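Reader: I should like to go through the ligand site of this protein. Please take the contacts before the pocket.

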Amino acid sequence: MAKREEDVKLLGFWASPFSRRVEMALKLKGVPYEYLEQDLMNKSPVLLELNPVYKKVPVLVHKGKILLESQLILEYIDQTWTNNPILPRDPYEKAMALFWAKVVDEQVKIRFSTLVKAEKGVEVAIEEARELLTFLEKEITGKYLFGGKTIGFLDMVAGSMIPFCLARGWEGMGIDMIPEEKFPELNRWIKNLQDFEIVTECIPPREKQIEHMKKVAVRIKSA
Ligand SMILES: N[C@@H](CCC(=O)N[C@@H](CS)C(=O)NCC(=O)O)C(=O)O
């Protein structure tokens, strides 16, 4: 079990799936951390100093070492505190978890912007987003969670991003992107995730997140 003197700080933002997943990982490992909420509209000198390349959260500081990029931070946490594994130990399963996590963070996330801009039309944008979700629907079929019986890497990446961030953004546009009848397995997974305190503690408040995602949509449109 991790001890007090671990000296872990997390620079994050309440609505960010990237920093929420890092919190899930720290909670799963039982690592105490100091959380420093960031104002992304008015970035602090400390954030700019610690992440001068991307100027983004999350930033994890462990005993003075600076860790950037949420998926890499999850790997670092997993290798530093070895209790309650996050990544599969099997090399093939690990590669697949990393592959699907990349799909979520790159492709599924981009589909939110595609829909906001709706350049090809709303129906086409919805179709494209659902096509990607269908791959995940197949992946989760027959499993309790992506990580099996316990929360794993893909549960943290996809769980922070899809139901509690993107789906709420789509909902703000009046779209139920993951309807139960089309995605029964993903809906089951979303419910299963919420059996875990480390997840429920990291889910942003629903209405506040929807309002936040509406503002994100306005920014995407005017960019
Ligand atoms: N690939 C990065 C993405 C991090 C990211 O996009 N963070 C957003 C918050 S959700 C941010 O800090 N945005 C500030 C900005 O873009 O100026 C990761 O996985 O950590």
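Reader: How many Å separate an oxygen atom of the ligand from an N or O atom in the side chain of serine 70?

Author: The model is a predicted one. Ser70 is one of the residues around the ligand. Between an N or O atom of the serine 70 side chain and an oxygen atom of the ligand, the distance is 2.7 Å.

Reader: What percentage of the area that the ligand exposes when taken alone does the protein bury?

Author: Taken alone, the ligand exposes 510 Å². Of that area, the protein buries 75%.

Reader: Which atom of the ligand is 2.4 Å from an N or O atom in the side chain of lysine 43?

Author: Two charged side chains may be taken together here, those of glutamate 69 and lysine 43. A polar side-chain atom of glutamate 69 lies 2.7 Å from a nitrogen atom of the ligand. For lysine 43, the partner at 2.4 Å from its side-chain N or O atom is an oxygen atom.

Reader: How does the shell around the ligand divide into nonpolar, polar and charged residues?

Author: The shell includes Phe18, Leu40, Val57 and Pro58, as well as Lys56. By class, its residues are four nonpolar, two polar and three charged.

Reader: Which helix gives the largest share of the lining of the largest pocket?

Author: The ligand sits in the largest pocket, which holds about 1200 Å³ of space. Among its 34 lining residues, those closest to the centre are Ser16, Phe18, Lys56, Val57 and Lys109. Elements that give two or more residues to this lining include helix 1 (17-29) and helix 3 (70-80). The largest share, seven residues, comes from helix 4.

Key: Residues are numbered from 1 along each chain as its sequence is written. This is a predicted model: local features need pLDDT of at least 70, side-chain atom pairs count only at pLDDT 80 or more; totals for chains, interfaces and linings use all residues. Side-chain values use heavy atoms; hydrogens and water are left out. A residue is near a molecule or strand if one of its heavy atoms lies within 4 Å of it. A polar contact is a pair of N or O atoms within 3.5 Å; within protein, one must be able to donate a hydrogen and the other to accept it, and residues adjacent in sequence count only if both atoms are side-chain atoms. Accessible areas come from the Shrake-Rupley method with a 1.4 Å probe; for residues, only the protein chains shown count as cover. On a 1 Å grid over the protein atoms alone, a cavity is a set of points where a 1.4 Å probe fits but cannot get out, and a pocket is an open set with protein on both sides within 12 Å along at least five of seven lines; lining residues have an atom within 4 Å of a point. A molecule sits in a cavity or pocket if more than half of its atoms lie within 2 Å of its grid points. Grid points are joined across faces, edges and corners, and a volume is the space filled by probe spheres set on the points. Helices (H or I, at least four residues) and strands (E, at least two) are DSSP runs, numbered from the N terminus.
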